[in-house]
Amino acid sequence: MNANIRRLGIFFLIAFGVIVADLTYWQVLDASNMVGRPDNPRLRLQADQVRRGRIYDRNGVLLAGRTIDSQGFVHRYYTDPSLSTVIGYDSPRYGMSELEQSYNDYLTGQVAGASWTQVVNSWEHRPVTGDDITLTIDDRLQRDIDALMPPNPSAAVVMDPRNGQVLAMVSHPNFDANQIKNPAYWQSLLTDPGRPLINRVADGYYPPGSTFKIVTLSAALDSGVSSLNDIYAGTQALGPITVDGHVFPNTINNLNDCGGRVIPPPITLEEGLVCSDNIVFIQVGLKLGGTRFLEYAHRFGIGSAPPFPIPVLASHVHTPGTPFGQLELAQSAFGQGDLHVTPLAMVMATAAIGNGGVMETPQLIKTITAPNGSAVTSPSPSTYSTPISPTTASEVTSAMKQVVAVGTGVLARSQGISIAGKTGTAETGGTQLPHAWFVCFAPADHPRIAVAVIVEHGGEGATTAAPLAGQIVRDAVALGY
Amino acid sequence: MTERLRLQEWLLLVLANAIMLGGFALLSEVRYHHVLLGQLTYPIVFALSTFLFSVGLSVLQPAADQFIWPVVSLLAGMGILVVSRLDAGLGHRQVVWTILGEALALLALSVPRDLTVLRRYKYTIAFAGLFLIILTIVAGTDINGSGYKRWIGFHGIYFQPVEILKPMIAVFFAAYLDEKRELLSAARLQIGPIRLPPFQYLAPLVAVWGLSLLLLVKQNDLGSALLFLGIFLAMIYVGTARAVYPIGGFVMFVVGAFLAFHLFPHVRDRTEIWLDPWVHAAGSGFQLIQGLIALSTGGIGGQGLGQGQPYLVPVVTTDFILAAIGEELGLLGVVALLALLLFVVFRGLAIAIASTNNFHKLLAAGLVAIVGIQTIVIVGGTTRLMPLTGVPLPYLSYGGSAALANYVIAGLLLRISGARA
């Protein structure tokens with residue numbers, strides 16, 4: 001009988017060995033696979049307990065906060081709906097967007113540089129506290145602009161040309177990220193024809209219209225093919241002009257009502273900008289040539305997307321690899337053709353002219369602060385590109401000052417503030433009104449702010465966008481900028 | 001009188017209780033950031049009871065094995081610890097049940113005066129067991145809404161007859177095999193290459209087979225069915241050395257289970273969950289998959305006592321206690337506890353080998369087979385080695401009837417070990 005008992009013991013030994021091997025499979029070999037299963041309730045529990053980092057404006061005004069309920073779960077709230085397309089949302093059901101998404105690793109405390117406290121916290125299974133983010137946004141200016149801009153699709157962005165810091169970015173219509181958890185509200189956002197989830201500053205995609213003439217003019221002056229005093233007489237100023245068989249019609253209206261004045265030919269190149277004369281700019285573009293035109297466009301950042309904390313569309317000047325014909329060049333020279341830009345790209349180009357020809361990388365993050373108060377990172381200003389020389393920049397600036405002083409931009413004129421700007425009226429085809437644009441910087445000689453404004457299908461830039469931009473400048477100056 | 005001084009046992013008990021109390025102190029620290037004496041009252045009472053039992057052993061069975069009691073106490077202590085972590089109230093009740101179990105084990109150490117006298121009452125015991133099962137099927141209570149009447153009792157005090165039946169059936173088989181082993185070893189019937197004993201001696205085998213299927217079908221208690229069959233086959237193998245019994249019994253069970261699979265939907269459901277739990281992840285396979293996720297969350301070292309979320313697994317205090325242990329104590333903790341269970345089994349088998357009395361040999365082997373097979377069935381069910389069947393993990397799961405049965409097993413083993421001299 002004893003031999004059988006021993007064999008029974010061997011059976012149990014083997015059976016327990018098999019069980020331990022199987023446990024090793026589940027607990028070690030296949031563990032990460034099982035733990036990562038979406039039906040593991042621990043994942044959501046942990047995520048819901050993370051003390052998500054707060055977001056502040058440049059002056060410490062709370063923009064995105066957190067509350068912790070009695071069960072230890074963290075809830076997100078937002079204080080300024082006008083920033084809904086900048087900060088985005090963090091929804092268990094619909095995911096994340098904008099900064100909430102792109103800086104999620106910081107906000108949830110997952111970025112390395114793990115301090116000793118964090119290691120101890122993880123041993124102790126304490127909820128993780130994320131890093132706080134301070135934006136370059138000034139919420140006072142943001143709210144002013146939000147109140148100023150029309151409710152229909154439109155966008156405005158304010159940047160400090162000296163360091164690329166974005167002070168305000170408004171995109172209309174916007175939404176209330178606090179209500180995202182309501183499925184009916186979410187559905188209404190998805191079906192809204194105004195597409196409130198889009199950040200129109202970074203992801204709006206528009207032909208720049210005549211605002212692009214500042215780029216064409218910069219290129220022509222910087223490369224030496226033109227000077228501001230070049231004379232355009234007769235049909236050179238008035239048209240019509242034929243390029244590759246396409247007839248560009250007479251522009252007498254522009255010269256008959258240039259900021260309320262009549263400017264009869266002959267006119268200078270500067271007056272061509274001041275009165276936004278397409279015929280003049282077609283000739284400047286043709287004189288410049290396709291290669292140089294594209295080169296300068298690229299130097300101004302058109303054709304690519306700048307690095308930015310939230311998703312940005314790349315602006316488009318011309319499809320590479322396809323021939324850049326005379327007609328497309330002529331159209332592009334005054335901002336039509338195949339050109340498509342974001343308001344962010346336009347404000348960067350404008351700021352570069354104001355900043356003596358140096359384009360700064362756009363900034364949205366001022367500092368990121370660890371829970372213990374130490375700075376995790378503070379992005380420092382960096383030059384993105386140097387499209388033109390300081391001399392060219394000051395020449396273009398003087399012409400843009402004239403635009404606001406006596407030209408198409410007079411409705412942006414502001415008492416005691418010198419503004420350099422440019423209107424744009426971008427044709428979109430079809431029967432809808434054109435997009436109304438205005439770009440400017442102020443004070444013109446040592447700018448502290450650059451502004452781009454667009455009102456989709458808002459009509460003339462001169463009458464719709466210029467007054468808005470002027471008010472934005474005055475608001476910014478009133479706040480000390 | 002040096003024999004009465006059970007020094008090894010005392011030292012090991014100190015260690016076992018230190019581990020258990022250390023665990024409670026840790027749990028209190030995690031929960032309240034202080035070691036609160038109030039949190040330690042029940043475990044201290046339990047620790048004292050283990051020493052008291054040891055004193056009882058010195059008096060009643062001074063020559064008994066000195067390793068079994070500390071190991072059983074450590075297993076029970078860890079069970080109380082994990083159950084308390086999941087549900088403090090249940091933990092208190094488990095302490096009460098465990099102390100009642102110790103009292104019952106103390107009784108088993110001395111009554112009856114001669115253990116072999118049980119042989120005479122083997123049929124009484126067998127019929128009492130059968131009666132209990134039938135009574136449960138007829139007049140039982142379904143206290144947890146499983147759809148099956150598995151409890152007997154009233155006014156809030158219920159017990160599971162199937163647990164009490166486990167040691168009873170080991171006693172019956174030991175007595176039966178001790179009497180008939182010669183006859184069963186001899187082969188009289190020849191069917192082809194298979195030689196079998198006369199049919200009348202096979203009757204108990206058929207009876208146990210029937211009992212297993214009855215439990216399976218009427219109670220949906222596949223675990224107990226497997227367990228009873230397993231005990232019987234292990235014991236008949238020990239008694240007769242004829243491999244035909246375990247093999248034949250296993251084949252018969254497979255045939256029965258195959259029939260049950262086709263005849264009874266609940267048996268079919270279980271098998272399908274076992275074969276492919278993933279497609280039923282949110283439904284019938286939920287418990288199994290959540291248990292596996294808990295085990296995986298534990299990894300090698302575990303999340304730490306009180307620091308995981310084992311309460312997310314359904315029925316975690318009883319059938320799925322392993323998932324809770326695995327999540328918080330990790331593979332290391334689980335393997336350590338399995339090693340302790342295997343130690344009890346091996347110690348029991350060593351006692352069986354050392355015993356000079358055949359009834360004692362068979363009984364000791366049968367008792368540890370209960371512990372070993374039950375462990376394999378529930379752990380294997382949790383890790384998907386075999387279909388999931390609800391049996392408690394010996395000494396560790398919450399359960400009053402199970403605690404009483406497990407302590408009777410421990411008491412009988414100690415008694416047999418002490419009687420060998």
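Reader: Which cysteine sulfur is closest to that of A:Cys440, and why is there no bond?

Author: The closest one sits in A:Cys258, 17 Å away from the sulfur of A:Cys440, so the gap is too far for a bond. To count as a disulfide, two cysteine sulfur atoms must lie within 2.5 Å. Keep in mind that this is a predicted model.

Reader: Is A:Cys440 buried or exposed?

Author: A:Cys440 is buried, because its relative accessible area is 0%.

Reader: How many disulfides are there over all chains, then?

Author: Searching the whole structure turns up one disulfide. Its partners are A:Cys258 and A:Cys275, with an S to S distance of 2.2 Å. The link between A:Cys258 and A:Cys275 is left-handed, with -95° about the S-S bond.

Reader: Where in the chain do the two partners sit?

Author: They come from distant parts of the chain, 17 residues apart. Look for A:Cys258 in the loop between α13 (252–256) and β12 (267–268) of chain A, and for A:Cys275 in the loop between α14 (269–274) and α15 (278–288) of chain A. A:Cys258 has 0% relative accessibility, so it counts as buried. A:Cys275 is buried too, with a relative accessible area of 1%.

Reader: Let's try another loop. What does A:Thr342 touch?

Author: First find it: A:Thr342 is in the loop between α17 (326–333) and α18 (343–354) of chain A. Its relative accessibility is 1%, so A:Thr342 counts as buried. Setting aside neighbours within four places in sequence, its contacts are A:Val201, A:Ala202, A:Gly204, A:Leu313, A:Ser315 and A:Trp437.

Reader: And how do I read the interface of chain B and chain A?

Author: People often give the size of an interface as the accessible area lost when the parts come together. Here chain B and chain A bury about 3,800 Å² between them, and 73% of that is on carbon and sulfur atoms. The contact involves 55 residues from chain B and 35 residues from chain A.

Reader: How many salt bridges and polar contacts link chain B and chain A?

Author: There is one salt bridge between the two chains. In it, the side chains of A:Arg42 and B:Glu327 meet at 2.7 Å, N to O. As for polar contacts, the count is 13 residue pairs, both residues at pLDDT 80 or more.

Reader: Which helix gives the most to chain B's side?

Author: That's α12(B), with 15 residues. By class, the side of chain B that touches chain A has 34 nonpolar, 17 polar and four charged residues.

Notes:
Residues numbered from 1 in each chain as written. Chains lettered and ligands numbered in written order. Predicted model: local features only at pLDDT ≥ 70, side-chain atom pairs only at ≥ 80, totals over all residues. Heavy atoms only, no water. Helix = DSSP H or I, 4+ residues; strand = E, 2+ residues; numbered from the N terminus. Buried < 20%, exposed > 50% of the residue type's maximum accessible area, 1.4 Å probe, protein only. Contact = heavy atoms within 4.5 Å. Buried area = accessible area lost by both parts, 1.4 Å probe. Salt bridge = Lys/Arg side-chain N within 4 Å of Asp/Glu carboxyl O. Polar contact = N/O pair within 3.5 Å; in protein donor to acceptor, adjacent residues only side chain to side chain. Nonpolar A, V, L, I, M, F, W, Y, C, P; charged D, E, K, R; others polar.
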